[in-house]
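This report describes where empty space is left inside a protein model and how its ligand is held. The structure is shown first, followed by the findings.

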Amino acid sequence: MNVNLKEISIDVIKQNQHASGAFVASPNFDNYKYSWLRDGAFIAYAMDTVKEHTSAKKFYQWVDKTIKRNRPKIIQLMGKVQSNERLEPHDFLPCRYTVEGLEAKDDWPNFQLDGYGTWLWGLSEHIKLTNNKQLLEEFNQSIEDSIEYLITFWHLPNSDCWEENADKIHPSTLACIHGGLTAINEFLERDAITQTANKIKEFLMNNAIYENRFVKYIGSSSIDASLLWLSLPFGVFTPKDTYIENTVKVMEEKILHEGGVHRFPEDTYYGGGEWLLLSSWLGWYYASVGRIDEAQKQLQWVENQADEKGHMTEQVLHHVNDEGFIDHWVKLWGPVAKPLLWSHAMYLILHEQLNNED
Ligand code: BGC
């Protein structure tokens, strides 16, 4: 393909960053015209890796403003905790906002803790890469509120990064929380944060392992590509840790198909196809353990999925878990989202891993 996918990816991301700083998940897909903290933090990280620091900073300023605007909700929530009142899903902070930073009034499964960890991690990376410690002061309130929120609720069941299984506890969500707390604590150096991070790791060791590898959620024996996050980027375990290596082996057996990576074996969303962002993630993992040829192959596979304009979808449907569900989702929500900013972002991250001349 003779289009420059790096430049196109940067352009797609810039074109879809609202003046507020929010990144739209996908501009052509009604349910994705929002900004998720999860997608957004990885997109901002990708922009930092290609030195588009202004774009990344604008996103973090938007998150800061958005969390500050939600202060009354946080205060009310903490009040309920103090007085031992029953907590309902809508008491918690949402996982996605309108580009203006408002909560959408719909019945989306909003209680998802991972994004609040991911933004702290992404912000810490941004501060390190740009040496802009000033942001720690500027965002002080939203950082403190996010830390308190995560320390208070990390152990509760909540929807995973695929917005499913609200009644379960997910190792990949815990990875985001651990990663966010640990990253911001490099600046804050607080014992209470270290203690929570240690508790999370201990919890994972005691509850999230089956046959010497990690499971999709506590109580399940299934696998999920998001388990890669336990090592990369959140570093709860090193990429060469035996449990991580075993987890990757099971992923290769069950959800990797000629370069394409499925989310999990039981996935039926649009039939459960291969996700570009996860294929890049696996490449990123391979690069981190020196499996460069395999990392290159992952990059190549992702590049092959781009359309003639260089745009990348969320998933491709050449090889799906259950064909019967493709039509169901197309009728309900239209074709698979394209372009998906998070797919472009993960492509950029892998591309820079393999091509960075610095
Ligand atoms: C995915 C989420 C993602 C959202 C927006 C959902 O289908 O499961 O991980 O944050 O789309 O891209």
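## The largest cavity

Leu228, Met251, Glu252, Ile255, Leu256, Val261 and Leu282 form the lining of the largest cavity. By class, six of these lining residues are nonpolar and one is charged, while none is polar. The charged one is Glu252, because Asp, Glu, Lys and Arg are the residues that count as charged.

The model is a predicted one. It holds one cavity of 30 Å³ or more, and the volume of the largest cavity is about 40 Å³.

## The ligand site

The ligand, for its part, sits in the largest pocket. It is surrounded by 13 residues, and the closest are Tyr32, Arg38, Asp39, Cys161 and Arg263. The shell around the ligand comprises eight nonpolar and five charged residues, with no polar ones. Among the charged residues are Arg38, Asp39 and Arg263, whereas Tyr32 and Cys161 count as nonpolar.

## Polar contacts and cover

Oxygen atoms of the ligand take part in contacts with three of these residues. At Cys161, a polar backbone atom lies 2.6 Å from an oxygen atom of the ligand. At Arg38, the contact is made by the side chain, with a polar atom 2.7 Å from a ligand oxygen. The side chain of Arg263 also places an N or O atom 3.2 Å from an oxygen atom of the ligand. On its own, the ligand has 310 Å² of accessible area, of which the protein covers 97%.

Key: Residues numbered from 1 in each chain as written. Predicted model: local features only at pLDDT ≥ 70, side-chain atom pairs only at ≥ 80, totals over all residues. Heavy atoms only, no water. Near = heavy atom within 4 Å. Polar contact = N/O pair within 3.5 Å; in protein donor to acceptor, adjacent residues only side chain to side chain. Areas by Shrake-Rupley, 256 points an atom, 1.4 Å probe, with all protein chains shown as cover. 1 Å grid on protein atoms, 1.4 Å probe; cavity = no way out; pocket = protein on both sides within 12 Å on 5 of 7 lines; lining within 4 Å. Sits in = over half its atoms within 2 Å of the grid points. Points joined across faces, edges and corners; volume = space filled by probe spheres on them.
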